[in-house]
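Student: I am new to this structure and would like to go through it with you. May we begin with its pockets?

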Amino acid sequence: MTIAIIGAGAIGNAIASQLSRNGIAAAIANSRGPQSLAALNLPGITPATIEEAAKADLVFLAVPWSKIPAAVDGLGPWNGRIVVDTNNPIEAPLFQPVNLHGKASSAVIQQLLPGAQVVKAFNHLQPGLLAGDPGAEGGQRVLFVSGDHVEAKRAVLALVEQLGFAGIDLGTLDGGGRLAQFPGGPLPALNLVKFG
Ligand SMILES: NC(=O)c1ccc[n+]([C@@H]2O[C@H](COP(=O)([O-])OP(=O)(O)OC[C@H]3O[C@@H](n4cnc5c(N)ncnc54)[C@H](OP(=O)(O)O)[C@@H]3O)[C@@H](O)[C@H]2O)c1
């Protein structure tokens, strides 16, 4: 399974460093092109264009909310490829919640990516914790996974476990996705650890 990350900021880098640490190859892209990522020193992580990154079997999307439509414009058709929605509908510096008109944020992402299998994950922790050792507290740091496509969710849960986290399946995008969504859900920013 090929893996890529669109967005090379705090969250994109945290995911890239976890993949690299575990010997999992991935491409990474930002808005300014691969040359701007030349200094990235993560073994196995290769700078790429957004178009190249979007061709991966599993694509992490880690872009500020207001910039997501431009970032994914023209990248389809997705043909069933998995997109991991790491995003939250709020952004610096104002941190004003976006009016989603009652929708779960991942449902909005799914509408932008017709044909993709969207899985919400890697969105509830601060970048430092996401990048850190998932075993630091003696158990396994928890990541939540939500999605409507069973096989896609299984693939993301397997990757979560391969990185050393404990994956917890919260159900659908509309159900679990809302629980892990910031703002609104009760789970964001909780550094939960599973023992045993
Ligand atoms: N930071 C947190 O605490 C946190 C926690 C959980 C979830 N999240 C979510 O994670 C997502 C990313 O947040 P972040 O903190 O990592 O943001 P960030 O540090 O500001 O990085 C954003 C990245 O998105 C890229 N980008 C912007 N417009 C793009 C475009 N049109 N095409 C391709 N790439 C584009 C930027 O590229 P350039 O560098 O070239 O501009 C940059 O690499 C957000 O949706 C946020 O809600 C953040």
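Student: What volume does the largest pocket have?

Tutor: The largest pocket has a volume of about 840 Å³. This is a predicted model in which local features need pLDDT of at least 70 and side-chain atom pairs count only at pLDDT 80 or more, while totals for chains, interfaces and linings use all residues. Residues are numbered from 1 along each chain as its sequence is written, and side-chain values use heavy atoms, without hydrogens and water.

Student: Which residues lie nearest the centre of the largest pocket?

Tutor: Ile-11, Ala-62, Val-63, Pro-64 and Asn-87 do, out of 33 lining residues. Lining residues have an atom within 4 Å of a pocket point.

Student: And which helix gives the most to that lining?

Tutor: Helix α1, residues 10–21, does so with three residues.

Student: How many helices and strands are there in the chain?

Tutor: The chain has seven helices and nine strands, counted as DSSP runs (H or I, at least four residues, for helices; E, at least two, for strands). With a radius of gyration of 15 Å, close to the 16 Å that the globule rule gives for 196 residues, the chain is as compact as a globular protein of that length. That radius is taken over C-alpha atoms, and the rule is 2.2 Å times the number of residues to the power 0.38.

Student: What share of the chain is buried?

Tutor: Buried residues (under 20% relative accessible area, 1.4 Å probe, protein chains only) make up 50% of the 196 residues.

Student: How far does the C-alpha trace span along its principal axes?

Tutor: The spans are about 40 × 40 × 35 Å.

Methods:
1 Å grid on protein atoms, 1.4 Å probe; cavity = no way out; pocket = protein on both sides within 12 Å on 5 of 7 lines; lining within 4 Å. Points joined across faces, edges and corners; volume = space filled by probe spheres on them.
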